[in-house]
Amino acid sequence: MKMLPLFLCAGMAYVPVFAQTPDAPLKLNQIQVIGTHNSYHAGIAPSEAKLWQTQPQYAEAYKGLDYQHKPLPEQFDSGVRQIELDIYADSKGGRYADPAGPKRVAAAGLPADPPFDPDGLMKKPGFKVMHVQDVDYRSTCQPFTGCLKQIRTWSHAHPEHMPIFILVETKQGSSGKLKLTEPEPFTTATFDALDAEIRSVFPADEMVTPDDVRGHYATLNEAVLAGNWPTLASARGKVVFLLDQRNVTQVYLEGHPSLRGRVLFTNSVPGEADAAFTERNDGPADEITALVKQGYLVRARTDSDTKEARVDDTAHRDAMMASGAQLLSTDYPASEPARWAGHYEVALPGSVVARCDPANTPAGCTIDNAK
């Protein structure tokens, strides 16, 4: 592989610039980027936050919710290239339009918080974006298509940007001891509607889908092991949708073997026919490295529930970064450091948007970080 000379700027960390060559172009799975966890998270409003903090049985759990993110376009401006959107199905509309939070605040005699849905978006049919219904339901964008439109608008304003990975977590099932609004279940028809909503915003030529990666191979897994990911150059300016939970994989696959015709990549078990993307949020690092070297796209979390951030514990962050996991998800990107002592944050060396993956690119690999 022909390499260009490496240049260092005095007083600055090395910022790599990839030398694209016909014989060895960089692939989509050979970069590492910073992502945010629950990227839409606007935080819990003041009075509701006080209510949760003053109830001993919930005070500890509240600590894990005590973070918030800037609007998606601002995150992209700061270099974030992977986001996470939690969605609730709401086929008829209105299911989540009247959350219990404001009622609890009023019953406790606390000042009313600002309205969470002044435009009445929650009353309309379509997928909604929030963390926990009735409890942690404020989002910087709403509904799901509204979030996607923000992403596409930013994308069009920044042509040839590094691809944006969009992790989608489907929320359903029991809410435990709390009596919360019952979520609508995700069926094959629900997933058909999800694909349709995504396609209503993003045309095919603005996405990288499982069909694009599979190519002429019989299964997606075969294509990935053969290195059939598209080049980074061809993926610039596009988005990639990823499905978070593994327990919905079979429902999403129904009628679509190896994800034929589907939009999202499943969080699959390596070796399965649909395997291209997998999550290893907690590691271990050596397992992640092995998966990355085989060709899989891996998402890992560098921190969770504010635990590392409160004590500025960087051990897990550093291990996940060195592992080669391509998607490093955090609640604290460099533009939003933790407020506690140490100001925990996650950024790539040199504060670049992306770097050559440390586990699956040749020595001397460099990458253009213009956008």
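Which exposed residues does the face of H11 turned away from its buried side carry? They are Asp286 and Lys293. This is a predicted model, and helix H11 is a good place to enter it.

H11 spans residues 285-294. Its buried residues are Ile288, Thr289, Leu291 and Val292. They cover an arc of only 165° around the axis, so they sit on the same side of H11. What does that buried side pack against? The partners are strand E7 (277-279), strand E8 (297-301) and helix H13 (315-323).

Both ends of H11 deserve a look. Pro284 lies in the loop between E7 and H11. A cis peptide bond joins Pro284 to Gly283, with omega at about 0°. Just after H11 comes Gly295, with a positive phi of about 120°.

The end of H11 also leads to another helix. Leu225 lies in helix H8, which covers residues 220-225. Leu225 and Gln294 are 69 residues apart in sequence, yet their C-alpha atoms are 6.0 Å apart in space. Beyond its neighbours within four places in sequence, Leu225 is in contact with Gln294 and Tyr296. Is Leu225 buried or exposed? Neither label fits: its relative accessibility is 44%, so Leu225 counts as partly exposed.

Now move past E8. Thr306 lies in the loop between E8 and helix H12 (307-311). Its phi is near 65°, a positive value in a residue other than glycine. Thr306 counts as buried because its relative accessible area is 2%, below the 20% cut-off. Asp312 follows in the loop between H12 and H13. Asp312 also has a positive phi, near 50°, and is likewise not a glycine. Its relative accessibility is 30%, so Asp312 counts as partly exposed. Most residues other than glycine have a negative phi, and most peptide bonds are trans.

A second cis peptide bond takes us to a helix pair. This bond joins Gln142 and Pro143, with omega at about -10°. Pro143 is in the loop between strand E3 (128-129) and H5. Helix H5 runs over residues 144-157, and helix H6 over residues 188-201. Two packed helices are described by the angle between their axes and the distance between the axes. Here the axes come within 9 Å and cross at roughly 35°. The crossing of H5 and H6 is right-handed.

Which residues of H5 meet H6? H5 contributes Phe144, Thr145, Leu148, Lys149 and Arg152. From H6 come Leu194, Glu197, Ile198, Ser200 and Val201. This contact is mixed in character: five residues are nonpolar, two polar and three charged.

Phe144 of H5 carries us into the interior. In soluble globular proteins, nonpolar side chains tend to be buried together. The largest nonpolar core in this model has 83 residues. Leu85, Phe144, Ile151 and Phe241 have the most contacts inside that core. Apart from it lies another core of seven residues, among them Ile44, Ala49, Leu65 and Val135.

Phe241 shows how far such contacts reach along the chain. Leaving aside neighbours within four places in sequence, Phe241 is in contact with Leu148, Ile166, Val168, Ile198, Phe202, Met207, Val263, Leu264 and Phe265. Two of these partners are already familiar. Leu148 in H5 and Ile198 in H6 both take part in the contact between those helices, and both are in contact with Phe241.

Methods. Residues are numbered from 1 along each chain as its sequence is written. This is a predicted model: local features need pLDDT of at least 70, side-chain atom pairs count only at pLDDT 80 or more; totals for chains, interfaces and linings use all residues. Side-chain values use heavy atoms; hydrogens and water are left out. Axes are lines fitted to C-alpha atoms, for helices over the stretch in contact, and angles run from 0 to 180 degrees between N-to-C directions. Helices (H or I, at least four residues) and strands (E, at least two) are DSSP runs, numbered from the N terminus. A crossing is left-handed if the near helix is turned anticlockwise from the far one by less than a right angle, and right-handed if clockwise. Contact means heavy atoms within 4.5 Å. Ala, Val, Leu, Ile, Met, Phe, Trp, Tyr, Cys and Pro count as nonpolar, Asp, Glu, Lys and Arg as charged, and the others, Gly among them, as polar. Buried means under 20% relative accessible area, exposed over 50%, partly exposed in between (1.4 Å probe, protein chains only). The arc is that of the directions from the helix axis to the C-beta atoms. A nonpolar core is a set of buried Ala, Val, Leu, Ile, Met, Phe, Trp, Tyr and Cys residues joined through side-chain atoms within 4.5 Å.
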